[in-house]
Amino acid sequence: HTTAETIVTFQRSAQPGGIFVLVIPVVQPRPIMKLLDLRPDRALLKVDFAGYKLSLEPVPVLRTDLPESSRPDRVRPGADQYSCLDAQLFGLQNHLVRDPWVVGSCYFLDGGWTVRRVVYDEASGRLKPVSSVFKVGRKRERREGDYNCSMRFLSERYALIGDGQGGLRLVETGDRRRGDEWKGRFVFPAVDGMEAGFVVLDGRFEVAGGGERHVHAVCGSVRRTEEDGFETVLHWVKAIQEEGGSGEWKYHS
């Protein structure tokens with residue numbers, strides 16, 4: 001019997017009534033690979049394109065005077081925070097946090113841990129007066145080894161604030177286009193490994209089945225290893241709000 005894949009031959013054996021069954025696979029020819037012509041489509045090319053050029057036009061810079069008490073809170077690395085990983089956490093952080101949901105709106109935390117709002121007025125081309133929207137409770141005074149305050153916007157109405165001392169809170173911002181006053185909704189409990197401080201690296205807000213709301217936060221810090229080296233530690237914490245988004249926020253994991 002012959003098929004496209006195998007040839008099966010039946011052969012009678014020397015013993016009465018015995019039958020040999022021999023299966024021989026048929027070697028199929030390999031498919032020929034399709035060749036693609038990588039010639040450029042000249043209809044899509046710009047004939048007189050001379051390459052990219054560096055623009056020497058000045059970048060607009062807007063300045064505003066801030067009193068000493070309203071200037072951004074800045075923490076310097078401690079004597080033991082000298083690794084490349086520490087330099088990344090301190091050096092790559094921008095104290096002015098842009099609001100991705102409101103064009104021309106930024107925020108920062110001042111030395112008194114007050115969240116300040118900075119808005120660019122497109123009509124006048126100038127900055128509006130700096131206003132305050134939220135006061136973060138301070139657990140203690142700054143000390144060596146702390147991190148800078150950090151902020152991450154999760155949605156049009158929620159944000160995360162880390163104080164650099166191990167505290168993390170969820171705030172409801174209201175309508176940020178109007179500059180509503182923020183309200184604290186939940187303070188994450190102290191988690192093992194996060195007490196010494198951290199920087200909020202990322203966060204996410206999502207609505208699950210039944211209207212249950214979830215908030216995820218990823219926080220990072222640097223610690224020494226047993227081999228006298230350094231390593232980055234990431235902490236992933238989660239809070240939920242049950243009862244269709246109308247209940248209290250609770251720590252999940």
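## Exercises: a cavity and the strands beside its lining

The largest cavity is lined by Gly-166, Gly-167, Leu-168, Phe-188, Pro-189, Ala-190, Val-191, Met-194, Glu-195, Phe-198 and Val-237. The model is predicted.

**Exercise 1.** Sort the lining of the largest cavity by residue class.

*Solution.* Start with charge. Glu-195 is among the lining residues, and Glu counts as charged. Next, take the glycines. Gly-166 and Gly-167 both line the cavity, and Gly counts as polar. The tally is eight nonpolar, two polar and one charged residues.

**Exercise 2.** State how many cavities reach 30 Å³ or more, and how much space the largest one holds.

*Solution.* Count by the cut-off. One cavity of 30 Å³ or more is found. Then take the volume. The largest cavity holds about 60 Å³.

**Exercise 3.** Place strand β10 among its pairing partners.

*Solution.* Begin with β9, residues 158-162. It pairs with β10 in the antiparallel sense, over five bridges. Now turn to β11, residues 183-187. Its pairing with β10 is also antiparallel, over four bridges. Follow one residue across. Val-171 of β10 is the bridge partner of Ala-159. Val-171 also stands opposite Gly-184 in β11.

**Exercise 4.** Find out how covered β10 is, and which residue takes a positive phi in its hairpin with β9.

*Solution.* Strand β10 spans residues 168-172. Apply the burial cut-off, under 20% relative accessible area. Four of the five residues in β10 are buried. Leu-168, within the span of β10, also lines the largest cavity. Now the hairpin. Five residues lie between β9 and β10. Gly-164 has the positive phi, near 80°.

Conventions
Residues are numbered from 1 along each chain as its sequence is written. This is a predicted model: local features need pLDDT of at least 70, side-chain atom pairs count only at pLDDT 80 or more; totals for chains, interfaces and linings use all residues. Side-chain values use heavy atoms; hydrogens and water are left out. On a 1 Å grid over the protein atoms alone, a cavity is a set of points where a 1.4 Å probe fits but cannot get out, and a pocket is an open set with protein on both sides within 12 Å along at least five of seven lines; lining residues have an atom within 4 Å of a point. Grid points are joined across faces, edges and corners, and a volume is the space filled by probe spheres set on the points. Buried means under 20% relative accessible area, exposed over 50%, partly exposed in between (1.4 Å probe, protein chains only). Helices (H or I, at least four residues) and strands (E, at least two) are DSSP runs, numbered from the N terminus. Two strands pair if DSSP finds at least two bridges between them.
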